[in-house]
Every structure is written in structure tokens, then in C-alpha cells.
Amino acid sequence: MATTAHPAESWSPTSGRQPEVWIPDTESHPTARRVGRRGLLYTVATFFAIFAALPFAWMVFTIFKTNQDLYSGQNNPFLYNDPPTLANIRLLFEQTNYATFVLNTVLVAIGVVIITVAIAVPAAYALTRLVGGWGEGLGIAIFLVYLIPPTLLFIPMTRVIAELGLKNSKWSMVLIYPTFTIPFCVWLMMGFFKSIPWDIEEQAMVDGYSRLGAIWRAVIPLSIPGILTVIVFSIALTLHEFVYALAFVTSSNQKTVSIGVTTELVRGDVFFWQSLMAAAAIVAIPVALLYTVFLDRFVAGFTLGAVRIDIASPPAPSLSPNAGRQAM
């Protein structure tokens, strides 16, 4: 009985014909799975993005709504059933001290940022470089101070402010806010300093710089992303604080946005929702843009900073054969 040989078995080097090899088509299946996973990822991300953006969208739409349009339960909150109006923004700026609140907030934020950076950066460097094994434990202990709620501290802090003669003054917030911004920022900066290798400082000191000079010329440039992050977080923590500001300040011309808006636009059981949303949006949009700008700078600087340092150093000695003869 004759049998037919398999194509691969009948092939020989002298036959001049390549064997017929069957290659399964496996490319389409991984591609389909990859597209499916990416589509699922984008779907979930889009859902959460829309979910997170809806409150801000409602806030912006509410600013320009009339009372009849806002309080009618049959109206769509994301559509203007009545013509938009600017009366709510005029009420915010003409019948409240909102411009003063914003100015006070900026002044307080600037003072808090200066104090926080001036103390947190040296403290974080000392805990990371100079303390040795104790640095990690002390850093955690300092961070635990940040977790103490202000509701436990505002009464003794009020006594301190009264003794210092800063009661009912915005400068009381400049003095007290660093008590919770510094612990958090010290813990944050310690992570940045740990990522900077010792060799950079040692090389700077070998080149003739003192320790302070090495810190200024080698460590600080690499720490700029961390310092910017500290500045952004300090501003955000200052804007969010409410308890201390409410306890320390009662005069309208000394209030910040966090307490001024709520105390002057909530009158008894009457809530001026449109003006409240306008006050929140005017402050929130610049902060959101600030976060976006410095987030990109933080990521790029943190990953590329180690190769961008420029330390002035003397030229390397020549290694040519004639150099040794000239020295002799």
C-alpha cells in the first residue's frame, strides 16, 4: 500500500524546495485583547472623569442662574431655562467684602509659604543627611503632629494668640497655619532629599565648596520640584483651613475666603447659592491651574533633575605622556 510522505519529510537539501510550514495566525487575538483592555481602561477613566467634573459643571452653571430657574425642581440643572444673569456676581462683589477676603487670603498664603519653606527645607535636609538612623523616626513623629485635628488645638491656640495681641487679625493665621503645614512639608521634602545621592554633595565639597555651598549649588537645584510641591500644598492647606480662621477672626475686613464667604453669604436660613458658587469658582479655578502647571514641572524635574546639575569645577588634569615629563 503506497503512502504519501509529509511535505517536510520529503524535503532534501538538493530538492531546491522549502518545506511547507504551517504558521498559526495568532496576531489578531493579542491585538483584540489589547484593544479590549485599553477600551475598558478608557471607559472607566472617562466615567470617573465625568463623575468628578459634574460638581464643577453644576457650580459653573449655577453661577448664572436666576432664583426661579435654580429652585424649580422640574428644570434641568445643566440647562438655562431662564436667560443667564450676572446679578449673582454683582451681589458677591458689591454686597460683601469678597475682594478683601481674596486679598487677605493671598497675604496669608504668602506669609505661610515663606515660613514653611524657610523651616521645612532645612529641617528635612537635617533629618535626612545629618541625624542618621534617628532621622526616619523623627520624621514620622513630626508627621504625626500634622494628624492632630484642629478641633483639639484651637482653644489653646486662641489663648496663645490672645497673649500675643493678635486676636482678630489676619496675622494670627500667618503665625498658626505653619504649625500644620511645616510637619507635612518636612515629611514631603524628606522623600526628595533621600532621592538625591550623597555623591553629588561629596563631589561639590571635593571641588572646594563648603557644606552650605554644596547644599546651595548641588542639593537645592535638584530639590526645586520638591520645593514647588511644598509651595502648592502650603497654599492649598491655607485655603482649606476653616476652624482656626473662624476662632481667631471676627471682623469682616480681616477674614479670608474660607470664612468670609460662608459667614456673609449664609444669613440665617437663607443661602445665596449662586454667589457662593461664584466665590468658590473664582478661587478654585486658579488653584486647579496651579496644580496642573506644577504637577508637570514636578514630574519632569524629579526624573530629569539628576542629570541637569551644573557645578563649577576645575578642569581635569591632563593624562598625556608629556605631562609626566614636564613635571619631572
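In the predicted model, Lys 65 is in contact with Leu 70, Asn 76, Pro 77, Leu 79, Tyr 80, Asn 81, Thr 85, Asn 88 and Gln 274, leaving aside its neighbours within four places in sequence. Lys 65 is located in the loop between helix H1 (28-63) and helix H2 (67-71). The relative accessible area of Lys 65 is 3%, and the residue therefore counts as buried, the limit being under 20%. The side chain of Lys 65 also takes part in a polar contact of 3.3 Å with the side chain of Asp 69.

The protein chain as a whole contains 14 helices and 2 strands. Of its 328 residues, 31% are buried. Among contacts between residues at least 6 apart in sequence, 72% join residues that are at least 24 apart. The chain exposes about 20,600 Å², and 68% of this area is supplied by carbon and sulfur atoms.

A second buried loop residue is Thr 96, with a relative accessible area of 7%. Thr 96 occupies the loop between helix H3 (87-94) and H4. A polar atom of the Thr 96 side chain lies 2.2 Å from the backbone oxygen of Leu 92. Beyond its neighbours within four places in sequence, Thr 96 is in contact with Leu 91, Glu 264, Leu 265 and Arg 267. One of these partners, Leu 265, stands 169 residues from Thr 96 along the chain, yet the C-alpha atoms of the two residues are separated by 8.0 Å.

In soluble globular proteins, nonpolar side chains tend to be buried together. In the present model, the largest nonpolar core comprises 41 residues, of which Tyr 177, Val 186, Met 189, Phe 193, Tyr 244 and Phe 248 touch the most other members. At least two residues of this core come from each of helix H4 (98-130), H6, H7, helix H8 (178-195), helix H9 (198-206), helix H10 (211-240) and helix H11 (243-248). The greatest contribution is that of H8, with 10 residues. For Met 189, the contacts other than those with neighbours within four places in sequence are with Val 121, Ala 124, Ser 223, Gly 226, Ile 227 and Val 230. Another core, of 14 residues, lies apart from the largest one, and its members include Ile 63, Val 261, Leu 265 and Leu 276. Leu 265 thus belongs to this other core and is also in contact with Thr 96.

The largest pocket has a volume of about 370 Å³. It is lined by 17 residues, and those closest to its centre are Leu 239, His 240, Ala 280, Val 283 and Ala 284. H10, helix H12 (257-265) and helix H13 (273-304) each supply at least two residues of the lining. The most are given by H13, with 7 residues. H10 is accordingly represented both in the lining of the largest pocket and in the largest nonpolar core.

A further loop, between helix H6 (150-163) and helix H7 (171-176), holds Asn 168. Phi of Asn 168 is near 60°, a positive value in a residue other than glycine. Asn 168 has a relative accessibility of 24% and so counts as partly exposed, whereas Lys 65 and Thr 96 are buried.

Technical notes
Residues are numbered from 1 along each chain as its sequence is written. This is a predicted model: local features need pLDDT of at least 70, side-chain atom pairs count only at pLDDT 80 or more; totals for chains, interfaces and linings use all residues. Side-chain values use heavy atoms; hydrogens and water are left out. Helices (H or I, at least four residues) and strands (E, at least two) are DSSP runs, numbered from the N terminus. Buried means under 20% relative accessible area, exposed over 50%, partly exposed in between (1.4 Å probe, protein chains only). A nonpolar core is a set of buried Ala, Val, Leu, Ile, Met, Phe, Trp, Tyr and Cys residues joined through side-chain atoms within 4.5 Å. Contact means heavy atoms within 4.5 Å. Accessible areas come from the Shrake-Rupley method with a 1.4 Å probe; for residues, only the protein chains shown count as cover. A polar contact is a pair of N or O atoms within 3.5 Å; within protein, one must be able to donate a hydrogen and the other to accept it, and residues adjacent in sequence count only if both atoms are side-chain atoms. On a 1 Å grid over the protein atoms alone, a cavity is a set of points where a 1.4 Å probe fits but cannot get out, and a pocket is an open set with protein on both sides within 12 Å along at least five of seven lines; lining residues have an atom within 4 Å of a point. Grid points are joined across faces, edges and corners, and a volume is the space filled by probe spheres set on the points.
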